[in-house]
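Student: I would like to learn how to read a structure feature by feature. Could we go through one together?

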Amino acid sequence: MIFDFNNDWLFCRQDGEPKTVTLPHDAMLEEPRQKNCHNGKDCGYFPGGKYSYEKHFAVPQEYPEQKVSILFEGVYQNAVVYLNGEPVAKHRYGYTEFTADITGKVRKGENFLRVTVDNSLEPNCRWYTGSGIYRPVHLMVKPKDGVRPVKIRTVSIAPAVVEVQTETEHAAVEIWDGAQCVAKGAPGVIEIPQAKLWDAEHPNLYTCVIKTENDEESVPFGIRTLTWSAKTGLCVNGNTVKLRGGCIHHDNGILGACGFADAEERRIRIMKKAGYNAVRCAHNPASRALLDACDRLGMYVMDEAFDGWYTPKTYHDYSRIFESAWREDLSAMIQKDYNHPSVVLYSIGNEVTETACEQGVQTAEQMTALAHTLDNTRPVTAGINVLLNVYNQKGIGVYKETESYKPEPLPPKKQEEKKKESGSAFFNMVMQHLGPLMFYMSKGKKGDAACRAVAEKLDILGLNYAASRYEEDCLTYPNRIMVGSETIIGELPYNWEQVKKHPAVIGDFAWAAIDYLGEAGIGQMIPQDTPGLPIAAGSGAIDLTGNITAEAYFQQTVWGLRKSPYLGVRPLIWSHKKMTGSAWRMTNAVESWTWPGCEGQKATVEVYSDAPLVALYCNNRLIGKKKPKKYRAIFKAAYCPGTLRAVALDADGNAIGQAELKTAGEEIKILLSPEKTVIHADGQELCFIPITLTDANGIWKPAKEARLSIHMDGPAQLQALGNAATQTTETYTDNTHSTWLGRALAVVRAGTKPGTAHITITAEGYAPQSVEIRIV
């Protein structure tokens with residue numbers, strides 16, 4: 001039996017007042033941002049801290065006689081678990097799950113659980129981590145001779161045969177397709193008649209039920225095989241698959257690090273809509289909920305264990321415990337992932353410059369061997385930044401503060417203090433200055449020498465920003481398989497041609513699919529006079545609140561998924577402002593031709609198409625015709641209200657597709673678009689409510705802004721309110737927040753009682769708007 005263990009925790013920050021919370025909970029999101037905190041822009045200027053969680057729970061008389069444990073899916077970080085005052089578990093890494101075995105220690109009647117979390121030693125990561133128990137917790141009660149861990153492997157697909165592995169004695173196995181039992185047997189090899197296979201286009205799932213006289217366990221799984229070679233590429237069920245991938249961090253935007261199942265599923269659903277078929281979980285293991293969503297919706301996954309190994313990237317990071325912890329943490333990721341058909345690649349590291357030297361190559365070999373021992377059905381990769389490896393061999397950009405390390409807080413940071421960047425952060429800095437030149441700097445003999453040794457230890461060589469190596473390496477190393485583990489969206493036209501041309505190049509993972517907190521401002525394209533501190537990266541093709549942006553439509557065009565052109569306009573309200581620039585973002589165009597007060601100003605209009613020619617019209621007047629260059633045509637057009645239209649033309653000048661934008665009317669209203677109207681009273685389910693400023697016909701007005709207030713009553717609570725701005729003075733935990741480019745997002749969380757939640761949004765100068773959400 002598995003019990004939800006997320007309600008009624010007493011949370012307290014160091015020297016703070018206790019309050020009752022429901023897990024998952026992100027304590028960092030509640031910390032005031034500080035310009036001079038050691039986390040700095042890496043963590044969006046949020047500091048860490050020390051926290052405690054306490055819970056009283058009662059157990060029936062029979063529980064102490066059974067095997068009882070508590071599964072923590074994610075605690076950031078340095079967690080210590082106490083039961084009735086006695087320490088029962090300790091776990092340091094913030095991204096792998098762990099179990100506190102309390103068998104024989106839990107007592108009949110009242111028990112007291114306490115979890116301490118220490119995220120006070122900062123900086124310890126290069127992005128927003130969150131703090132506290134940010135993923136769900138489960139109480140697991142089983143007979144001592146109950147079902148042991150179950151592993152399910154596809155043996156073949158024609159006929160469909162699976163192997164159910166478990167050490168459970170006297171167990172019976174049933175395979176269910178929905179409500180129908182389709183096969184039975186004992187643990188071992190079982191054939192499934194007329195089986196439906198799993199892949200990203202057909203995410204068919206079965207349930208394996210393992211029974212004993214006194215226990216039962218259900219495990220979802222999919223029937224699919226994986227093979228890989230330089231000649232065939234990556235094959236799923238014998239068919240070659242090209243990965244249209246995007247990288248994501250673990251946070252859920254304005255929800256912070258909280259790992260809600262609904263939020264994880266929403267991310268994958270939006271990625272599917274945007275055209276992705278693969279996701280790279282950068283740079284830490286994915287949550288169970290995200291993998292469940294990928295299984296159900298059909299999304300291939302590269303799950304990644306670590307951002308770094310034994311060389312630090314920040315002062316207090318994972319490198320300080322790497323040698324003692326990596327085996328346990330890599331094993332935890334693989335054991336979690338094994339039964340998920342969506343997982344097709346294990347990554348053992350990101351931009352691990354240690355691989356430029358012999359010790360790092362040996363480490364890669366050891367990690368790959370462990371992964372193969374635990375799971376020989378999936379290939380192992382690592383994201384190798386070739387240029388960083390070259391620099392590493394020269395001693396450039398390598399973190400220096402290693403020998404004098406002390407596990408204690410750094411002294412207060414001076415306002416004018418500037419740190420010397422190293423590792424991945426050093427690369428980010430160089431990229432901002434050199435941009436496209438990075439493509440050429442990874443080519444040649446030095447780049448080859450910097451990654452040759454580690455490539456031999458991996459099943460698939462992941463290349464970060466080194467697509468320039470594809471052509472040469474396919475000739476020089478005919479057995480080498482490669483994947484673009486991290487690339488720039490603007491370079492996709494070249495990259496995708498290489499993916500299509502070479503079977504050995506299995507796909508491309510763009511940075512980034514979805515915007516994220518931390519690495520703040522690295523990809524933002526906003527006015528330089530924007531108030532506040534940077535909070536989000538700004539480099540997502542999908543913005544922080546889930547809106548699909550122009551960059552994602554550009555990717556769709558390059559992938560050949562769009563039949564009509566994309567038409568976008570760079571915000572005219574910013575046309576006379578000094579803007580921030582970024583190597584990580586190609587455009588800030590939006591789908592709007594509504595810019596009141598900007599009449600006559602020159603607008604930058606972007607059209608994405610794979611057609612030979614595109615034409616642009618304003619109010620049926622031809623602005624011009626252009627041949628798209630790398631799928632992109634840019635026009636200058638004087639803003640004039642009405643209709644802006646792009647037409648794709650074939651080689652003979654015939655129209656083969658079009659897109660248009662209409663100017664909104666004078667009216668202004670708040671449009672609420674709840675993604676659900678019914679949620680369950682489990683304390684976990686979420687309702688996302690996009691908020692848009694529109695005219696009476698629902699046409700978006702990005703030049704208008706409003707300061708929103710949310711008012712709620714009923715058995716639900718406001719979990720977050722925010723927008724997609726990358727720089728702000730506001731927080732996501734208040735009941736007021738401004739729109740940004742005329743948009744915002746409210747997230748409502750169900751309580752534990754049924755009823756109706758009434759939600760009203762107000763803003764000065766706008767009529768109030770309300771929605772009702774039923775909690776059942």
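**Reading strands, helices and cysteines**

Tutor: Gladly, and let us start with one pair of residues: Val-173 stands opposite Ile-210 in E18. Keep in mind that this is a predicted model.

Student: Which strands does that pair belong to, and how do they run?

Tutor: Strand E15 (residues 172–177) and strand E18 (residues 206–211) run antiparallel and are joined by five bridges. Another of the pairs is Ala-172, whose bridge partner in E18 is Lys-211.

Student: How should I picture the side chains along such a strand?

Tutor: In general, side chains in a regular strand alternate between the two faces of the sheet.

Student: What else does E15 pair with?

Tutor: E15 is also joined to E16 by five bridges, again antiparallel. Within that pairing, Asp-177 stands opposite Gln-180 in E16. The hairpin of E15 and E16 has two residues between the strands, and Gly-178 there takes a positive phi near 65°.

Student: In what order do the strands of this sheet lie?

Tutor: The order is E16-E15-E18-E19, an open sheet of four strands with antiparallel pairing. At its edges are strand E16 (180–185) and strand E19 (216–221), which each pair on one side only. On average, neighbouring strands of this sheet are turned by 25° against each other, ignoring direction.

Student: Can we practise on another sheet? Which strands are at the edges of the open sheet E1-E12-E5-E9?

Tutor: That sheet has four strands in the order you gave, with antiparallel pairing. Strand E1 (2–4) and strand E9 (98–101) stand at the edges; each has a single partner strand, so one side of each is left without a neighbour in the sheet. From one strand to the next, the twist averages 25°. E1 is joined by three bridges to strand E12 (residues 137–142), and the two run antiparallel. One place to look is Ile-2, which stands opposite Met-140 in E12.

Student: Let us turn to helices. How do I describe the way two of them meet, say H5 and H8?

Tutor: Look at the distance between the axes and at the crossing angle. For helix H5 (residues 386–393) and helix H8 (residues 444–455), the axes come within 8 Å and cross at roughly 90°. Angles of 65 to 115 degrees count as roughly perpendicular, and H5 and H8 are therefore roughly perpendicular to each other. H5 contributes Val-386, Asn-389, Val-390 and Gln-393 to the contact, while H8 contributes Lys-446, Gly-447, Ala-449, Ala-450 and Cys-451. By type, the residues of this contact are five nonpolar, three polar and one charged.

Student: Why might contact residues on a helix be spaced three or four places apart?

Tutor: An α-helix has 3.6 residues a turn, so residues three or four places apart point the same way.

Student: Cys-451 is in that contact. How do I decide about disulfides?

Tutor: Check the distance between sulfur atoms, with a cut-off of 2.5 Å. The sulfur of Cys-451 is 13 Å from the closest cysteine sulfur, in Cys-474, which is too far for a bond. For Cys-181 the closest cysteine sulfur is in Cys-208, 10 Å away, again too far for a bond. By this rule the count comes to zero disulfides.

Student: Are those two cysteines buried or partly exposed?

Tutor: The cut-off for buried is under 20% relative accessible area. Cys-451, at 0%, is buried, whereas Cys-181, at 27%, is partly exposed.

Student: How does burial look for a whole helix?

Tutor: List the buried residues, then ask what they pack against. In helix H10 (residues 492–501), the buried residues are Leu-492, Pro-493, Asn-495, Trp-496, Gln-498 and Val-499. They pack against several elements, including strand E23 (243–248), helix H9 (470–476) and helix H11 (550–559). In H11, 10 of the 10 residues are buried, so H11 is largely enclosed by the rest of the structure. After H11 comes Gly-560, with a positive phi near 80°.

Student: And where can I find buried residues in loops?

Tutor: Try Ser-468, in the loop between strand E28 (461–464) and H9. Ser-468 counts as buried at 4% relative accessibility. Leaving out residues up to four places away in sequence, Ser-468 touches Phe-439, Ser-442 and Lys-443. Another case is Leu-741, in the loop between strand E45 (736–738) and strand E46 (743–750). Leu-741 is buried, with a relative accessible area of 7%, and among the residues it touches are Ile-573, Trp-574 and Trp-700.

Key:
Residues numbered from 1 in each chain as written. Predicted model: local features only at pLDDT ≥ 70, side-chain atom pairs only at ≥ 80, totals over all residues. Heavy atoms only, no water. Axes fitted to C-alpha atoms, helices over the stretch in contact; angles between N-to-C directions. Parallel < 35°, antiparallel > 145°, perpendicular 65-115°, else oblique. Contact = heavy atoms within 4.5 Å. Nonpolar A, V, L, I, M, F, W, Y, C, P; charged D, E, K, R; others polar. Buried < 20%, exposed > 50% of the residue type's maximum accessible area, 1.4 Å probe, protein only. Pairing = 2+ DSSP bridges.
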